[in-house]
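Thanks for making the time. I have one structure to show, and I will go through the fold and then a few residues. Please have a look at it first.

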Amino acid sequence: MDNGTTFSYNLSDTIMLTGSTDAKTKQLQELKMVARPASKEDTIKMVTAIGVFVESLFPSDANTVRQAAFDALGFKKGSNLQDADNTFIQDNIKFQFTAVKDTGYVFTITDKNAQ
C-alpha cells in the first residue's frame with residue numbers, strides 16, 4: 001500500500017526542506033525545514049523562508065498572520081532562539097519552531113492535530 005510521497009530539497013547549504021504528501025489526496029501532510037545557520041545571512045534566509053511559508057498559507061491576511069507566527073515562535077526582539085521550543089496554531093495549521101542541540105533549528109508545518 002502506498003503511504004504517500006516524501007521529498008527533500010536543499011534551499012541552501014545550511015537549509016534543508018523535507019515533507020510528505022498523502023498518496024490519495026496528494027495534499028501536503030507535513031513540511032519540515034532544518035536549518036543550521038552559520039552566518040547572519042544564513043539566519044536571514046531561514047527567517048525569510050519561514051515568513052514565505054506562513055504567508056503562502058494565509059495570503060488574504062499574510063502580514064498579520066506572519067507577525068503573529070513570528071511572535072509566538074520566539075522571534076521577538078531580544079529573545080534567544082537557542083532556547084526556542086514554540087508552537088503557533090492558525091486555523092487548522094500548526095507551526096512549530098524548535099532549537100535542537102547539535103542539529104540547528106527545526107521548523108515544522110502540520111495539521112493542528114498532528115502529534
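I will start with confidence, move on to the sheet, and finish with the aromatic rings and two single residues.

What you see is a predicted model. Mean pLDDT over the protein is 90, and 96% of the residues are at 70 or more. Taken by element, strand 1, residues 5-12, has the lowest mean pLDDT, at 90, while strand 5, residues 93-100, has the highest, at 96. As a general caution, predicted coordinates should not be read in detail where pLDDT is low.

Now the sheet. In what order do the six strands run across it? The order is 1-2-3-6-5-4, in an open sheet with antiparallel pairing. Strand 1 and strand 4 are at the edges with a single partner strand each, so each has one side without a neighbour in the sheet. On average, neighbouring strands are turned by 15 degrees against each other, ignoring direction.

Let me walk across the pairings. Strand 2, residues 15-21, pairs with strand 3, residues 28-35, in the antiparallel sense over seven bridges. Within that pairing, Gly19 sits opposite Leu31 of strand 3. The two strands make a hairpin with six residues between them, and Lys26 in the turn has a positive phi of about 65 degrees.

Next along is strand 3 with strand 6, antiparallel over six bridges. Here Val34 has Val106 in strand 6 as its bridge partner.

Strand 6 also pairs with strand 5, antiparallel over eight bridges. Gln96 stands opposite Thr108 of strand 6. This hairpin has three residues between its strands, and Asp102 takes a positive phi near 65 degrees.

That leaves strand 4 and strand 5, which pair in the antiparallel sense over six bridges. Asp85 has Thr98 in strand 5 as its bridge partner. Helix 2 packs on the sheet, where it touches strand 4, strand 5 and strand 6 (104-111), and its direction makes about 155 degrees with that of strand 4. Strand 4 and strand 5 form a hairpin too, with two residues between them; Asp91 in the turn has a positive phi of about 55 degrees.

On to the aromatic rings. How many aromatic pairs turn up in a search of the whole structure? There are seven. I will describe two of them. In Phe95 and Phe107 the rings are stacked, at 6.2 Å centre to centre with 15 degrees between the planes. Phe95 belongs to strand 5 and Phe107 to strand 6, so this pair ties together parts that are 12 residues apart in sequence. Phe95 and Phe107 are both buried.

The second pair is Phe97 and Tyr105, also stacked, with 5.4 Å between centres and 10 degrees between planes. Phe97 has a relative accessible area of 0% and is buried. Tyr105 counts as buried because its relative accessibility is 15%, and the cut-off for buried is under 20%.

Phe95 and Phe107 come up again in a wider group: together with Phe53, Phe58 and Phe88 they form one aromatic cluster.

Now the two single residues, beginning with Ala84. Where does Ala84 lie? It is in the loop between helix 2 (62-73) and strand 4 (85-90). Is Ala84 buried or exposed? With a relative accessibility of 6%, Ala84 is counted as buried. What does Ala84 touch, leaving aside residues up to four places away in sequence? The contacts are Leu73, Phe97, Thr98 and Ala99. Take Thr98 from that list: Ala84 and Thr98 are 14 residues apart in sequence, yet their C-alpha atoms are 5.0 Å apart in space. Thr98 is the residue I mentioned earlier as the bridge partner of Asp85. Phe97, another of the contacts, is the buried ring stacked with Tyr105.

The other residue is Ser12, which is in strand 1. Ser12 counts as buried because its relative accessibility is 14%, against the same cut-off of under 20%. A polar atom of the Ser12 side chain lies 3.3 Å from the backbone nitrogen of Ile15. Ile15 falls within the range of strand 2, residues 15-21.

To recap the fold, we have an open, antiparallel sheet of six strands, with helix 2 packed on it. That is what I had to show.

Methods: Residues are numbered from 1 along each chain as its sequence is written. This is a predicted model: local features need pLDDT of at least 70, side-chain atom pairs count only at pLDDT 80 or more; totals for chains, interfaces and linings use all residues. Side-chain values use heavy atoms; hydrogens and water are left out. Helices (H or I, at least four residues) and strands (E, at least two) are DSSP runs, numbered from the N terminus. Buried means under 20% relative accessible area, exposed over 50%, partly exposed in between (1.4 Å probe, protein chains only). Contact means heavy atoms within 4.5 Å. pLDDT is the predictor's confidence in each residue, from 0 to 100. Two strands pair if DSSP finds at least two bridges between them. Axes are lines fitted to C-alpha atoms, for helices over the stretch in contact, and angles run from 0 to 180 degrees between N-to-C directions. A polar contact is a pair of N or O atoms within 3.5 Å; within protein, one must be able to donate a hydrogen and the other to accept it, and residues adjacent in sequence count only if both atoms are side-chain atoms. Rings of Phe, Tyr and Trp (its six-membered ring) pair if their centres lie within 6.5 Å; planes under 30 degrees apart count as stacked, over 60 as edge-to-face and the rest as tilted.
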